[in-house]
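Open the model in your viewer and follow the stops below in order. Each one says what to select and what is found there.

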Amino acid sequence: MPAMGPVVAILWCIAALLVTGAIAVSIGRLKWARWLIYGSSLTVCMTACAIAITHLIAGRASVSEIVLPLGLPWIGANFRIDALAAFFLVVINLGGAAASLYGLGYGSHETAPERVLPFFPLFLAGMNLVLLASDAFTFLLSWESMSLASWALVMTHHREEENRRAGYVYIVMASFGTLALLLAFGLMAGPEGGYAFATMRAHGAPSGLAGLVLVLALLGTGSKAGLVPLHVWLPLAHPAAPSHVSALMSGVMTKVAVYGFIRIAFDLLGPVSWWWAIPVLFAGAITAVLGVLTALMQNDIKRVLAYSTIENIGLIFVAIGLALAFQGNGMKAAAALAMTAALFHVLNHALFKSLLFFGAGAVLNATGERRMETLGGLLNRMPATGLLFLVGAVAISALPPLNGFASEWLMLQAILLSPALPQWALKLLIPAVGAMLALAAALAAACFVRAFGISFLGRPRSLAASNAHEVDRLSIAAMAILAILCLLAGIFPALVIDALAPVSSALTGAHMPVQTHVAWLSIVPIAESRSSYNGLLVFLFIAASASLSALAIHRFASAKLRRAPVWDCGFPDASPATQYTADSFAQPVRRVFGGFAFRATEVVDMPSPGDGRPARLTVTLHDLAWDLIYDPVIRLVAYLAERLNHLQFLTIRRYLSLVFGALILLLLILAAWP
C-alpha cells in the first residue's frame with residue numbers, strides 16, 4: 001500500500017476537526033466537554049503542523065495534490081500542498097494548537113461554552129481547507145466556511161448590543177470580500193470556465209484584465225486581513241469574541257487572507273508587472289500608520305491589540321509590495337529578500353499577537369475589566385502573566401533580540417535596495433513608504449509602553465485590579481510556549497530564513513543566501529559589506545550586561561543604601577487617580593496627529609469656583625473611513641429602503657405590471673447586446 005501523501009494526511013486532520021465540531025454540538029453543555037474538544041483540537045493541530053513542517057523542510061519544493069469527486073462536476077474538488085501552502089499550514093496550526101491549549105484553561109471561565117465549542121474546531125478546519133484548496137469553487141466554499149464559523153464565535157455573547165453590531169459589520173464585510181474574490185476568480189477563469197488553479201496558473205489573467213483582478217484580489221483579501229479602509233470590522237469583532245478566538249482571528253485568520261493575496265498575485269495571475277506594487281505599497285503604508293495611531297488612542301486593551309493587528313498587516317503588505325516591485329523588474333534576489341521578510345513577519349505576528357491576546361484574556365479573567373483606566377498594579381498580582389505580556393510587547397515593538405525586530409529589519413534592508421529600481425514612481429514612493437514604516441515602528445513602541453505600563457505597573461486603579469489573581473497553569477503554559485518561540489525566532493532568525501527558502505524560490509525564482517553557513521548564525525541578507533545582524537550575540541550582550549549591572553549594584557551599592565520615606569510632595573497617601581492614565585499618555589500624539597487622522601475634539605468641563613464637581617476632559621475621535629465611506633452608504637441604503645418599502649403593499653395587477661415591464665427591459669437589453 002503506498003504511503004499516504006501530506007495532502008491526504010492534512011485532509012484526514014480536517015475531517016477529524018469536523019467530527020470534533022459535530023460531537024461538540026451534543027456535549028457542549030457538559031463540564032468535561034472543553035477537555036475533549038480543545039484536547040482533540042490541540043492533538044489534530046499539532047499533527048497537521050508536524051506534517052506541514054516535514055513537507056516544507058524535507059520535501060523542499062515538492063507538490064502533493066489530490067482530486068476528489070466533489071465540487072464542480074467538470075473539475076471536482078482539487079486539493080494541493082506546495083511550499084507556500086505548507087508554510088501557512090505551519091502558521092495556522094501552530095496558532096490553533098496554542099489557542100487550543102489556552103482554551104483548556106480559559107474555557108472554564110466561559111459562560112456559554114455550547115456556543116463556542118462546536119464552532120472552534122470548525123473554524124480551524126475552514127482555515128486549513130482554504131490553504132489546501134486548488135480550485136476557485138473549493139477555495140470560496142472553504143473561505144465562506146471559515147467566515148461563518150468565525151462569525152458564530154464573534155456572536156457568542158449575542159445578547160450584548162455591541163457584540164451584535166460587531167457580528168453584523170463582520171458578516172457584511174466578509175460577504176463583500178467573498179464577492180470581490182468571486183469576481184476575481186471569474187475573470188481569471190474566463191468564458192471557458194477554467195476554475196481549477198492549474199488552468200489559471202497555465203494561462204494567467206486575460207489580456208488587459210490583470211490590473212482589475214489584482215484590485216479585486218486586494219479588496220477581497222484586504223477586507224479579511226484588515227487593510228484600511230476595509231478594516232472597520234476588526235476592532236469591533238476582536239473584543240467581542242472570546243480571547244483565544246480573538247487570538248485566532250487576529251494572529252491566524254488574517255494570515256489566511258495574506259496567503260490568498262500571495263497565491264493570486266504571485267502564482268495565478270501570470271507574470272508580475274512592476275506597477276502592481278504601487279497600490280499594494282500605498283495601501284500597506286497607510287494601513288500601518290493609521291493602525292498604530294488608532295491603537296494609541298484606545299483605552300480597551302483588546303481594541304489596542306486589534307488596531308495593532310491592522311498595523312502589522314500593513315507591514316506585511318508593504319513587504320509584499322516590495323517583492324512585486326523587484327519581481328516585476330527581474331531583480332529576483334531583492335524580491336526574495338522582500339518576500340522572506342513578509343513571510344517571516346507573518347510567522348512572527350502569529351506568535352506575538354496570539355501571546356498578547358492570551359495575556360489580555362488572562363487580565364479579563366482575573367479582573368473582569370478590559371479598560372486600561374481601571375487596571376494598574378497587575379505585575380505584583382499576576383507576575384507570570386505580566387512578564388509574558390512584556391515579552392510579547394517587546395516583540396511587537398520590534399526591539400532586539402526578539403523576533404519582531406528580525407523581520408522588520410529585513411523589510412528595511414529590502415527598502416534600501418529600491419534605488420536600483422528603474423521606475424521613478426517606485427524610486428519616489430518606496431523611500432516615502434520606508435519613512436512611514438519608521439514612524440509606525442516608533443509609534444508601536446510607544447503604544448505598547450503605554451499598554452504595559454498603564455495595565456501592569458503603578459498602583460491599582462480599581463477594586464477589581466486590587467483583587468486580581470494569577471490565572472491557571474494551562475493558560476500560562478500556552479503564553480510561555482509562545483514567548484519562548486518569540487525569543488528563539490529572534491535569536492536564531494537564520495534557521496527561519498533558511499526554512500522559508502523553498503517558499504521564496506517557488507514564488508520569486510530565488511531565495512536568500514543560506515544563512516546557517518554564516519559564522520555565529522548571523523544573517524546577511526545581501527553581503528557582509530552592506531549589513532548584517534546577529535540575534536544570538538545581541539541576546540548574549542544584553543543578558544551579560546544586565547547580569548553584570550545587577551551584580552555590581554547588589555555587590556557594591558546595597559550596603560551603602562539608606563532607607564527613608566520617599567519624598568511625597570506633601571501627599572503621603574497619594575490617590576491612584578494621580579497616576580498617568582492611558583488618555584494622558586496618548587495626549588501628545590493625539591495633539592499632533594489627531595486633527596487630520598481622527599478629527600479629534602477635546603471639550604473641557606471646568607467647574608466654576610465653589611463648585612465641587614470634578615473637572616472633566618471629553619475626547620471625541622472619528623474613524624474617517626467609517627464617516628466618509630460606510631456611514632453615507634448606510635444612510636443611502638436606509639433612505640432607499642424607506643422609499644421602496646411601499647412596493648410590498650402593491651396590488652396583484654401592479655405586481656404583474658412590474659414583472660411585465662422588467663421582462664420587456666431585459667429583452668431590449670438582449671436585443672441591443674453586440
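Start with two helices of this predicted model: select α3 (residues 83–106) and α11 (residues 243–268), whose axes come within 9 Å and cross at roughly 170°. Angles over 145 degrees count as roughly antiparallel, and α3 and α11 are therefore roughly antiparallel to each other.

Next, show the side chains where the two helices meet. On the α3 side, the residues in contact include Leu-84, Phe-88, Ile-92, Gly-95, Gly-96 and Tyr-106. From α11, pick residues including His-244, Leu-248, Val-252, Tyr-259 and Arg-263. Coloured by class, the contact of α3 with α11 has 14 nonpolar, 5 polar and 2 charged residues.

Now move to the largest pocket, which has a volume of about 610 Å³. Select Thr-294, Gln-298, Tyr-307, His-622 and Asp-623: of the 32 lining residues, these are the closest to the pocket centre. Then add the elements that give two or more residues to the lining: α10 (234–240), α12 (277–297), α13 (301–328), α24 (582–597), β4 (616–620) and α25 (624–644). Which element gives the most to this lining? It is α12, with 5 residues. By class, the lining divides into 19 nonpolar, 7 polar and 6 charged residues.

Last, turn to the aromatic rings, which form 17 pairs in the structure. Select Tyr-38 and Phe-120, an edge-to-face pair with 5.0 Å centre to centre and 80° between the planes. Tyr-38 sits in helix α2 (residues 33–57) and Phe-120 in helix α5 (residues 119–132), so select both helices to see the pair link distant parts of the chain, 82 residues apart.

Terms used:
Residues numbered from 1 in each chain as written. Predicted model: local features only at pLDDT ≥ 70, side-chain atom pairs only at ≥ 80, totals over all residues. Heavy atoms only, no water. 1 Å grid on protein atoms, 1.4 Å probe; cavity = no way out; pocket = protein on both sides within 12 Å on 5 of 7 lines; lining within 4 Å. Points joined across faces, edges and corners; volume = space filled by probe spheres on them. Helix = DSSP H or I, 4+ residues; strand = E, 2+ residues; numbered from the N terminus. Nonpolar A, V, L, I, M, F, W, Y, C, P; charged D, E, K, R; others polar. Axes fitted to C-alpha atoms, helices over the stretch in contact; angles between N-to-C directions. Parallel < 35°, antiparallel > 145°, perpendicular 65-115°, else oblique. Contact = heavy atoms within 4.5 Å. Phe/Tyr/Trp six-rings, centres within 6.5 Å; stacked < 30°, edge-to-face > 60°.
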